[in-house]
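Visitor: I should be grateful for a close look at the surroundings of the ligand, followed by the nonpolar interior of the protein.

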Amino acid sequence: MAALAGAGLSAESGVPTFRGAGGLWRQYRPEDLATPEAFASDPRLVWEWYDWRRSLISKAGPNPGHFALAELEKRKQSFTLITQNVDGLEERAGCKDALRLHGDIWTLRCTACGRERKELKTPLGELPPHCSCGGIERPGVVWFGEPLPARVFAAAEKAAREAEVLLVVGTSAAVYPAAGLAWVAKAAGAKLIEINMEETALSLEADCALRGKSGEILPLLVT
Ligand code: OAD
């Protein structure tokens, strides 16, 4: 069994999603804030946005959906959580092995020497932050136009191929290659169970579509 999670999983924690009503991409343009080009042209502006998101997430906590996934991981020997989220709320709920397709907002990576460090402080203070080598650090997330971390994606593909059931939770399934994992699972014979408040590009392919909040539906699956 595996789960592919998206921003909807954290919505009930008060973390905004990207698309739909109240979504971040309704308010901001991804090309201004979430591309390597945007960072090269204005690292401070990009960092201000990430610093704001880090502060917001630091005040949020995992919701019953995160705890239910952590419980599944604990109970089932072969359960893999694949997440597109960068907020780390899965770990705060107790998940140990989530595959982070889009990186981690709490990791900073030096653009000069490549060194990575965990930094939980919010707000960060001087922006952009600097590495001890003097280089500018960037958020340890995947931006549009960048490849996904190869090892993480390979592990996610394997989990999707081997899963008998894939829970597709709170994702619009609009961003590839992450969304493609549902098709990989389906092609390999998995049953797709979608948990989402709305219909998505995947709904017609799903064997079962559970309409509602993941924080309410997921706990029902583990009782
Ligand atoms: P989206 O914002 O595209 O989609 C969120 C989905 O969650 C929508 O389908 C909503 O209907 C659903 N939803 C909202 N609240 C929910 C709730 N309480 N319970 C269940 N479902 C709920 O987010 P993602 O699909 O995660 O990438 O977006 C994928 C990627 O696009 C993100 O990882 C990010 C973004 O640009 C990068 O930054 C690279």
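Guide: In this predicted model, an N or O atom in the side chain of Thr-171 lies 2.6 Å from an oxygen atom of the ligand. Arg-19 likewise places a polar side-chain atom 2.6 Å from a ligand oxygen. At Ala-7 the partner belongs to the backbone: a polar backbone atom there is 2.8 Å from an oxygen atom of the ligand. The protein buries 92% of the 800 Å² that the ligand exposes when taken alone. The surrounding shell comprises 23 residues, with Phe-18, Arg-19, Thr-171, Ser-172 and Asn-196 the closest. By character, this shell contains 11 polar, 8 nonpolar and 4 charged residues.

The interior may be considered next. In soluble globular proteins, nonpolar side chains tend to be buried together. Here the largest nonpolar core has 24 residues, and the most contacts inside it are made by Ile-82, Leu-101, Leu-166, Leu-181 and Leu-192. Two or more residues of this core come from each of strand E1 (2–5), helix H8 (150–162), strand E7 (165–169) and helix H9 (180–187). Helix H8 provides the largest share, 4 residues.

Leu-166 merits separate attention. Apart from neighbours within four places in sequence, Leu-166 is in contact with Ala-2, Ala-3 and Leu-4, with Leu-181, Ala-182 and Ala-185, and with Lys-191, Leu-192 and Ile-193. A second core, separate from the one just described, has 22 residues, among them Trp-25, Ala-38, Trp-47 and Trp-143.

Methods: Residues numbered from 1 in each chain as written. Predicted model: local features only at pLDDT ≥ 70, side-chain atom pairs only at ≥ 80, totals over all residues. Heavy atoms only, no water. Near = heavy atom within 4 Å. Polar contact = N/O pair within 3.5 Å; in protein donor to acceptor, adjacent residues only side chain to side chain. Areas by Shrake-Rupley, 256 points an atom, 1.4 Å probe, with all protein chains shown as cover. Nonpolar A, V, L, I, M, F, W, Y, C, P; charged D, E, K, R; others polar. Core = buried A, V, L, I, M, F, W, Y, C linked by side-chain atoms within 4.5 Å. Buried < 20%, exposed > 50% of the residue type's maximum accessible area, 1.4 Å probe, protein only. Contact = heavy atoms within 4.5 Å.
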